[in-house]
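Grab a coffee and open the viewer. Below is a short set of exercises, each with a solution you can follow step by step.

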Amino acid sequence: MATDIFRYSMGTGLTIIGVVSVVLNSLLFFVCVKRNRLRRPPQYFLISLAMIDIMAVAVWLSLTVVSLFNDGWVLPQELCKLQEYTMSMCLYLNSHSFVLLAFERFLLFLRPSKHAEIFINSVVMIMLLALWLFDGTLAAFPYFGWGTVRYFSNQFQCAMDHEKNIRETNFVTVMCFGIPVSLCLGLYMFIFIMIRKIRSRGDDNGALIVEINKRAIGDSYSQRLKNQQLKFKNAGTRAQKPNIGKKFTYTEDGYVSNDSSDDENTQKTVQKDSQKPIVQQKKVYHMAKNDSLLTKTYIIMTILVFLLWLPYVVVTYIFLKNRYANISDEIVFVVVFLCQCTTFIKPLVYVTYNSHFRKHVMKCFRRKASAQRENETEASERGYDNMALE
């Protein structure tokens, strides 16, 4: 059994980690929601990760702290199962969210035009809803009879009894580590190759070109709006009924036209509008500095989380091979301690490494007077731009 000094020191350490995690994740959530430039569909994955960490602190980490200070489990058995469920669900959600983040970065560097079409509000919300439902179902397998949950005194937490559930242990390892690590490694390797190719080509101004879409409509918003109006100009109109005794013809669009001068003029106008060519321009997508910085941030987050979970996986399989392995209780709990450090490591890396996010944090907590002057400046600049366009 662990000594009292060890228990109290580990309990205090976990308490500090839990407080830091809640503060940093709440900051990440607040800034991403408040700042318009950060409130974009790809950022929803970061908001989801912040919610996962807060849930992990509230149910998983906090119950471990209670066990440490009481030298055992003193809570109802239902909370024991809830802690194991939260632990498994957070592990699933973190691993699979990293795959979605890698895929989002991959598509951004491969085809920015497709990235803009796929990662929109509705699609991203469906992705996140499906992710939470899928991982929540996987984590509930022990409740359906596949797996056994019990309290481990050397871990000071409730977890899966891996010695009695070897098949599920292998399943969790593959779903949480084998497949996600392989996919993330492959996607980020491809992104690294793409960045090297992008750096080899640039435009006259030295900007890095990611994609040139020759089939895109012109960049001008007025031109795109005009083309859209021409496309749907006659949609939904009712066809004219022919008058008996008068000569009439059908147009290419299926509308009936009499031989009267008014109808002929109308027909010519419709045909002229329908045959009007749509201006096609090249759409050039450049690589922003923030895109490269955000990709590096995601890579660091992914590597750190998987490395912190790696000792737990190694120790688990050591006990599967030999249940009487000579590993002290202190070492076992340090391994659990590293796993629970993942609740604050992601926002810590994002806040400290991403300078673009720190600028938004400063703007978010700036005084109202400064923020009002900033808004007035932006409004005046927009007004000046509009006058210049007119």
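The exercises start with the whole chain and then go residue by residue.

A quick note before you click around: this is a predicted model, where local features need pLDDT of at least 70, side-chain atom pairs count only at pLDDT 80 or more, and totals for chains, interfaces and linings use all residues. Residues are numbered from 1 along each chain as its sequence is written, and side-chain values use heavy atoms, with hydrogens and water left out.

**Exercise 1. Get the overall picture**

Task: Work out how many helices and strands the protein has, and what share of its residues is buried.

Solution:
- Step 1: Count the DSSP runs, numbered from the N terminus, taking helices as H or I with at least four residues and strands as E with at least two. You end up with 13 helices and 6 strands.
- Step 2: Sort residues by relative accessible area, with buried under 20%, exposed over 50% and partly exposed in between (1.4 Å probe, protein chains only). Of the 390 residues, 43% are buried.
- Step 3: Look at contacts, meaning heavy atoms within 4.5 Å. Among those between residues at least 6 apart in sequence, 77% join residues at least 24 apart.

**Exercise 2. Track down the salt bridges**

Task: Find the salt bridges of Arg7, Asp53 and Lys114, and say where the partners sit.

Solution:
- Step 1: Search for a side-chain nitrogen of Lys or Arg within 4 Å of a carboxyl oxygen of Asp or Glu. The whole structure gives 6 such salt bridges.
- Step 2: Start with Arg7, whose side chain meets that of Asp71 at 3.6 Å, N to O. This pair links distant parts of the chain, 64 residues apart: Arg7 is in helix H1 (residues 4–34), while Asp71 is in the loop between helix H2 (44–70) and helix H3 (77–110). Arg7 counts as buried because its relative accessibility is 4%, whereas Asp71 is partly exposed at 38%. Asp4 joins Arg7 and Asp71 in a network of salt bridges.
- Step 3: Move on to Asp53, which forms a salt bridge with Lys346, the closest N and O atoms being 2.8 Å apart. Here Asp53 in helix H2 and Lys346 in helix H11 (residues 342–353) are 293 residues apart. Both Asp53 and Lys346 are buried.
- Step 4: Finish with Lys114, which meets Glu117 at 3.8 Å, N to O. These two are 3 residues apart in helix H4 (residues 112–118), so about one helical turn separates them. Lys114 is partly exposed at 38% relative accessibility, and Glu117 is exposed at 51%.

**Exercise 3. Two aromatics in one helix**

Task: For Trp60 and Phe69, decide whether each is buried or partly exposed, then list what each touches.

Solution:
- Step 1: Locate Trp60 in helix H2. With 2% relative accessibility, Trp60 is buried.
- Step 2: Skip neighbours within four places in sequence and list the contacts of Trp60; among them are Met55, Thr86, Trp309 and Cys339. The C-alpha atoms of Trp60 and Thr86 lie 6.2 Å apart, with their positions 26 residues apart in sequence.
- Step 3: Now take Phe69, also in helix H2. Phe69 is partly exposed at 37% relative accessibility.
- Step 4: Leaving out residues up to four places away, Phe69 touches Arg7, Tyr8, Gly11, Thr12 and Thr15.

**Exercise 4. A hairpin and the loop after it**

Task: Work out how strands E1 and E2 pair, and what Asn165 reaches.

Solution:
- Step 1: Strands count as paired if DSSP finds at least two bridges between them. E1 (residues 149–152) and E2 pair in the antiparallel sense over 4 bridges; the partner of Val149 in E2 is Met160.
- Step 2: Check the turn. The hairpin has 4 residues between E1 and E2, and Phe156 in the turn has a positive phi of about 55 degrees.
- Step 3: Go to Asn165, in the loop between strand E2 (157–160) and helix H6 (166–199). Asn165 is buried, at 8% relative accessibility.
- Step 4: Follow the side chain of Asn165 to the backbone nitrogen of Thr148, at 3.3 Å. Asn165 also touches Gly147 and Met160.

Methods. A polar contact is a pair of N or O atoms within 3.5 Å; within protein, one must be able to donate a hydrogen and the other to accept it, and residues adjacent in sequence count only if both atoms are side-chain atoms.
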